[in-house]
Amino acid sequence: MTAAATAENAEWATETFTFRTKIKKIAEAAQQEFIGEAQYVVVAYSESKMLDNSFPDKGKEFLKQQNGAAIQNFLLTLEALGLATCWIRHFSEKPIKTLLKIPPSTEIEAIFQIGYEDKYKKEKKRVKANFDRHLSFNELGERRMNLNKN
């Protein structure tokens, strides 16, 4: 996974697991049984040391932005390949780090279960996004674009 990196300091890595025993243990650490049913599980993690050295005041913030962009690219790629996933952020880090031998200074960003969507699921009704609720023009809360306003 890649995304634009701050000062070429990408500190991002992933591991993909197919071993049933590891996947089951990751599911237990996340306290989410459905993870254990996945064919593949990806654990994404990062280390902020390099960015902290380059940007002492903003390194962790830049890393979060980079990681979010990389995760989004990953999710879009899975979607384009016809795969289904779930972005899991609630889990206990310590047992996963122990299981996967991830150093204590490294932060697990997310877990993703990957597979094919159940073809027999009922079709979900898609709700159209109301962009007026989420967009502002020129100042927070301004819902209409006013070209005459300076």
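Start by selecting strands S3 and S4: 5 bridges join them, and the two run antiparallel. This is a predicted model, so keep that in mind at each stop.

**Stop 1: the sheet around S4**

Keep S4 on screen and add strand S2, residues 40–46. S2 pairs with S4 in the antiparallel sense over 7 bridges. To see the register on that side, pick Tyr45, which stands opposite Ile108 in S4. On the S3 side, pick Trp87, which faces Phe112 of S4.

Is S4 enclosed or not? Colour it by burial: 8 of its 9 residues are buried, so the strand is largely enclosed by the rest of the structure.

**Stop 2: zoom out for the layout**

Now show the whole chain as a cartoon. You should count 4 helices and 4 strands. Walking from the N terminus, the order is β-α-β-α-α-β-α-β. Of the 150 residues, 32% are buried. Switch on a surface and you are looking at about 11,100 Å² of exposed area, with carbon and sulfur atoms supplying 53% of it.

The contacts reach a long way along the sequence, too. Take those between residues at least 6 apart: 64% of them join residues at least 24 apart.

**Stop 3: the aromatic cluster**

Hide the surface and show Phe74, Trp87 and Phe112 as sticks; ring pairs link these three into a cluster. The whole structure has 2 aromatic pairs. In one of them, Phe74 and Phe112 meet edge-to-face, with 5.1 Å between centres and 65 degrees between planes. Trace the backbone from one ring to the other: Phe74 is in helix H3 (residues 59–80), Phe112 is in strand S4 (residues 107–115), and the two are 38 residues apart.

Phe112 also pairs with Trp87, this time in a tilted arrangement: 6.1 Å centre to centre and 50 degrees between the planes. Trp87 belongs to S3 (residues 84–88) and Phe112 to S4, so this pair ties together parts 25 residues apart in sequence. You have met these two already, since Trp87 stands opposite Phe112 at the strand pairing.

Which of the three rings are buried, and which is partly exposed? Phe112 is buried at 0% relative accessibility, and Phe74 is buried as well, at 14%. Trp87, at 42%, counts as partly exposed.

**Stop 4: the main nonpolar core**

Next, select Ile26, Ile35, Val41, Val43, Phe91, Ile96 and Ile111. They belong to the largest nonpolar core, which has 17 residues, and they are the members that touch the most others. Colour the core by element and you will find that helix H1 (20–30), S2, H4 and S4 each supply at least two residues. H1 gives the most, with 5.

Centre the view on Ile111 and list its contacts, leaving aside neighbours within four places in sequence. You get Ile26, Val41, Val42, Val43, Cys86, Trp87, Ile88, Phe91 and Ile96.

Apart from this core lies another one, of 9 residues, among them Ile71, Phe74, Leu75 and Phe112. Two of those names, Phe74 and Phe112, are the edge-to-face pair from the previous stop.

**Stop 5: the salt bridges**

Finish with charges. Side chains of opposite charge can pair when their charged atoms come close. How many salt bridges does a search of the whole structure find? It finds 2.

Select Arg89 and Glu107 for one of them, where the closest N and O atoms are 3.6 Å apart. Arg89 sits in the loop between S3 and helix H4 (93–100) while Glu107 is in strand S4, so the bridge ties together parts 18 residues apart in sequence. Both partners are partly exposed: Arg89 has 42% relative accessibility and Glu107 has 30%.

Then move into H4 and pick Lys97 with Glu93, whose side chains meet at 3.1 Å, N to O. These residues are 4 apart in the helix, which means about one helical turn separates them. Check the burial of each partner: Lys97 is buried, with a relative accessible area of 13%, whereas Glu93 is partly exposed at 22%.

Conventions:
Residues are numbered from 1 along each chain as its sequence is written. This is a predicted model: local features need pLDDT of at least 70, side-chain atom pairs count only at pLDDT 80 or more; totals for chains, interfaces and linings use all residues. Side-chain values use heavy atoms; hydrogens and water are left out. Buried means under 20% relative accessible area, exposed over 50%, partly exposed in between (1.4 Å probe, protein chains only). Contact means heavy atoms within 4.5 Å. Accessible areas come from the Shrake-Rupley method with a 1.4 Å probe; for residues, only the protein chains shown count as cover. Rings of Phe, Tyr and Trp (its six-membered ring) pair if their centres lie within 6.5 Å; planes under 30 degrees apart count as stacked, over 60 as edge-to-face and the rest as tilted. Two strands pair if DSSP finds at least two bridges between them. A salt bridge is a side-chain nitrogen of Lys or Arg within 4 Å of a carboxyl oxygen of Asp or Glu. A nonpolar core is a set of buried Ala, Val, Leu, Ile, Met, Phe, Trp, Tyr and Cys residues joined through side-chain atoms within 4.5 Å.
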